[in-house]
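This report looks at one protein model, beginning with a single residue and then moving on to its sheets and to the empty spaces between its atoms. Please keep the sequence and the structure in view while reading.

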Amino acid sequence: MLRRDASGRLAVSDDFLRAYYLRPELRPVAESCAHEIALHQSLMDAPRMQVEAQRIEAIADADARANYRVVLDFRARLLAVPTLEACYLGLFAGGDIGVPPLFIDQLAQIVLRHILEGTDNALELRAAELFYREQKASVHEGAVMLADLETIAMRVSGSGGGAAPGGLRQLLAQAQAPLPTLDLDVLDSGNAQQYWLRDERHDFAISMNHGRAALDAFCRVLERWILHLTGVMVTVKSVPRIEETRWAWHIGLDASSTALLNDLWRGEEVEPDRLARLLALFRLDFCDAGEMRADIAGRPVYLALSMGEDGVVRMKPQNLLTNLPLAQSS
């Protein structure tokens, strides 16, 4: 549904916009009023048409009015810039993002699908899911495993349709057992080709231990994400620890890691339970030190990935873009 421009980035098409109008939040139902039905048909016919405020106000259902405002505001952001990548980057350029997290995750997924086009490494595709799907972490006898949170919720609840949002906290509490007990296959080098047969089921766990193939694949995705969205070439590798006591720069790949690295850098005492939630550390190096801030050029950047108190990994891939110490930011 998207077109590639001359620079290899994604340009919005009319069919891409129509996909948002066909979401269940906007698609008319039997109870929809005539104004709602007419507006929806008009947008399907002309996806970029201007919609006057009075057309939305004329819709009888308050939820439908709110949904139209959200989607049309998001559409305005998409159409204000030439590419999907520019829209994604623009979301984090100011203060209030003002876009539903679902739409942000979808943009990340689409961009990653584009970046990983043609890859034959299934582990990279599974690792990329961390960028836009929450993961349940399990640390058992030194083994660090991640599995799709929604899949875990369905397994624990015993249903195929997912857990009710209100019951998620209870399901997470029930899912404290090691992930292998939930009958999940672990994706690794030896069985990676099986991913292609069930990639949309999200039922493969991966090992995030230092030295494992999935963690190396995650590093490759981080490199490609940064290169595509910033034009800067970096190398990323997993490290068991940070050897420097006063390192130059760090980026948390999630909110917990950001706070943890800040405290460690300041030399503050960190509780063992909090430190135990740190799942992986990485060293990032710029291939061209001239593309870094001049005051720290040539020094490594450390990254961290952690789980929250509830054992869930909520990665924020935008942190890699907004916090990277680029020369033009200095």
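H228 counts as buried, because its relative accessibility is 17% and buried means under 20%. The model in which this value was computed is a predicted one. H228 lies in helix α10, and, when residues up to four places away in sequence are not counted, H228 touches G8, R9, E85, V111, H114 and I115.

**The sheet beside helix α10**

The helix that holds H228 leads on to a sheet, since helix α10, made of residues 213-230, lies across β7, β9 and β10 (301-306). The direction of helix α10 runs at about 155° to β7. These strands belong to an open sheet of four strands with mixed pairing, in which the order is β7-β9-β10-β8. Why is one side of β7 and of β8 left without a neighbour in the sheet? Strands β7 (234-239) and β8 (249-252) stand at the edges, and each has a single partner strand, so one side of each has no neighbour there. From one strand to the next, the twist in this sheet averages 25°.

Within this sheet, β7 and strand β9, which covers residues 278-286, pair in the antiparallel sense over six bridges. One position in this region can be found by looking at V234, which stands opposite F286 in β9.

**The sheet beside helix α8**

There is also an open sheet of five strands, again with mixed pairing, whose order is β5-β6-β4-β3-β11. Its edge strands are β5 (185-187) and β11 (312-313), each of which pairs on one side only. Strand β3, made of residues 135-140, is joined to β11 by two bridges, and these strands run antiparallel. Here K136 stands opposite V312 in β11. Helix α8 (residues 149-157) packs on this sheet, where it touches β3, β4 (143-148) and β11, and the direction of helix α8 makes about 85° with that of β4.

**A cavity and a pocket**

When the whole structure is searched, one cavity of 30 Å³ or more is found. The elements that give two or more residues to the lining of this largest cavity are α1 (14-21) and α4 (62-79). Which residues line the largest cavity? They are L17, Y20, Y21, V71, F74, R75 and L78.

The second largest pocket is lined by 16 residues, and those nearest its centre are R113, L125, Y132, Y195 and D199. Both α6 (101-115) and α7 (122-128) supply at least two residues of this lining.

The table sets out the volume of each space, the element that gives the largest share of its lining, and the classes of its lining residues.

| Space | Volume | Largest share of lining | Classes of lining residues |
|---|---|---|---|
| Largest cavity | about 30 Å³ | α4, four residues | six nonpolar, no polar, one charged |
| Second largest pocket | about 390 Å³ | α6, three residues | seven nonpolar, four polar, five charged |

Reading across the rows, one can see that the lining of the largest cavity has no polar residues, whereas the lining of the second largest pocket has four polar residues. The lining of the largest cavity holds one charged residue, while five charged residues belong to that of the second largest pocket.

Terms used. Residues are numbered from 1 along each chain as its sequence is written. This is a predicted model: local features need pLDDT of at least 70, side-chain atom pairs count only at pLDDT 80 or more; totals for chains, interfaces and linings use all residues. Side-chain values use heavy atoms; hydrogens and water are left out. On a 1 Å grid over the protein atoms alone, a cavity is a set of points where a 1.4 Å probe fits but cannot get out, and a pocket is an open set with protein on both sides within 12 Å along at least five of seven lines; lining residues have an atom within 4 Å of a point. Grid points are joined across faces, edges and corners, and a volume is the space filled by probe spheres set on the points. Ala, Val, Leu, Ile, Met, Phe, Trp, Tyr, Cys and Pro count as nonpolar, Asp, Glu, Lys and Arg as charged, and the others, Gly among them, as polar. Two strands pair if DSSP finds at least two bridges between them. Contact means heavy atoms within 4.5 Å. Axes are lines fitted to C-alpha atoms, for helices over the stretch in contact, and angles run from 0 to 180 degrees between N-to-C directions. Buried means under 20% relative accessible area, exposed over 50%, partly exposed in between (1.4 Å probe, protein chains only).
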